[in-house]
Amino acid sequence: MVKAKAPRRTLDSYAVKHINKIIKAGDCVLMRPADQSKPQYVSRIERIEADARGGNVKVHVRWYYRPEESIGGRRQFHGSKELFLSDHYDVQSADTIEGKCTVHSFKSYTKLDAVGNDDFFCRFEYNSSTGAFNPDRVAVYCKCEMPYNPDDLMVQCEGCSDWFHPACIEMTAEEAKRLDHFFCESCSSEGQKKLQNSHAASRHSDTKVDTKRRRR
């Protein structure tokens, strides 16, 4: 005679006692990796369920991948706190949860005044079987035509409003931080004329130099 599978029920929330946090569907959490030398896994909770007595709590999760875990690996424009929302679903014990975290949209992340240890961002969904990303294209900047990395210092041209890495315009980071005005190579002639004819030109103008992340 086959023993009937014990019924399980869905929980609206669950108190993870060892971290003193309450979790619910939609929360992002840090989970203990099998290899303790690796960083914590990041996932989004899809559902929480327990047995009839409220024990043996399991979380149904959707994994976030770090760039180095993807088929293409980490690239120059990937931020240090960047994650990809994958199509990889799993079921894990609630005991493996080690903390809560926040995975921001890319736009929200670039507006943060300060980035904490538990702040991440996601701008791509990732197909773990094919290595494909959605969206498959994003805006590019600078002469190098790379997507924006919020960790990188960039300066904005007052003419065309494009953004540039100091190294791509033969400038050091310190030189970039000291800029009062900046016009890219394409805009430099017209830009210099505007400065010469402007009574408002000053050594203390509002040239945009972003040392952490750019407002979008």
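Begin by selecting D51 together with G55, where the side chain of D51 reaches the backbone nitrogen of G55 at 2.7 Å, a polar contact in the sense of a pair of N or O atoms within 3.5 Å, of which, within protein, one must be able to donate a hydrogen and the other to accept it, while residues adjacent in sequence count only if both atoms are side-chain atoms. What you have open is a predicted model, in which local features need pLDDT of at least 70 and side-chain atom pairs count only at pLDDT 80 or more, while totals for chains, interfaces and linings use all residues. Residues are numbered from 1 along each chain as its sequence is written, and side-chain values use heavy atoms, with hydrogens and water left out.

Stay with D51 and add R53, whose backbone nitrogen lies 3.0 Å from a polar atom of the D51 side chain. D51 belongs to strand 5, residues 41-51; helices (H or I, at least four residues) and strands (E, at least two) are DSSP runs, numbered from the N terminus. Which residues does D51 contact, leaving aside its neighbours within four places in sequence? They are P7, R8, R9 and N56, where contact means heavy atoms within 4.5 Å.

D51 is buried yet has no salt bridge, and the nearest side chain of opposite charge, that of R53, is 4.6 Å away. Buried here means under 20% relative accessible area, exposed means over 50%, and partly exposed lies in between, using a 1.4 Å probe and protein chains only. Lys and Arg count as positive and Asp and Glu as negative, whereas His and the chain ends are not counted. A salt bridge is a side-chain nitrogen of Lys or Arg within 4 Å of a carboxyl oxygen of Asp or Glu.

Next, select E49 and R8, which form a salt bridge with their closest N and O atoms 2.9 Å apart. This pair links distant parts of the chain, since E49 is in strand 5 and R8 is in strand 1 (residues 8-11), 41 residues apart. E49 is buried, at 14% relative accessible area, whereas R8 is partly exposed, at 31%.

Adding R47 to the selection shows another salt bridge of E49, with the closest N and O atoms 3.5 Å apart. Salt bridges that share partners join R8, R47 and E49 into one network, and R47 is partly exposed, with a relative accessible area of 33%.

Move on to D27 and K24, a salt bridge whose closest N and O atoms are 3.5 Å apart. D27 counts as buried at 11% relative accessibility, while K24 is partly exposed at 43%. A search of the whole structure finds 9 salt bridges.

From K24, turn to strand 2 (residues 13-16) and strand 3 (residues 21-24), which run antiparallel and are joined by 4 bridges; two strands pair if DSSP finds at least two bridges between them. Y14 stands opposite I23 in strand 3. The two strands form a hairpin with 4 residues between them, and N20 in the turn has a positive phi of about 55°.

Finish with the cysteines. How many disulfides are there, taking a disulfide as a pair of cysteine sulfur atoms within 2.5 Å? The count comes to 0. C142 is in no disulfide, and the nearest cysteine sulfur, that of C168, is 3.6 Å away; C142 counts as buried at 7% relative accessibility. Selecting C157 and C160 explains another absence, because the sulfur of C157 is 3.7 Å from the closest cysteine sulfur, in C160, too far for a bond. C157 is buried, with a relative accessible area of 2%.

Conventions. Disulfide = S-S within 2.5 Å.
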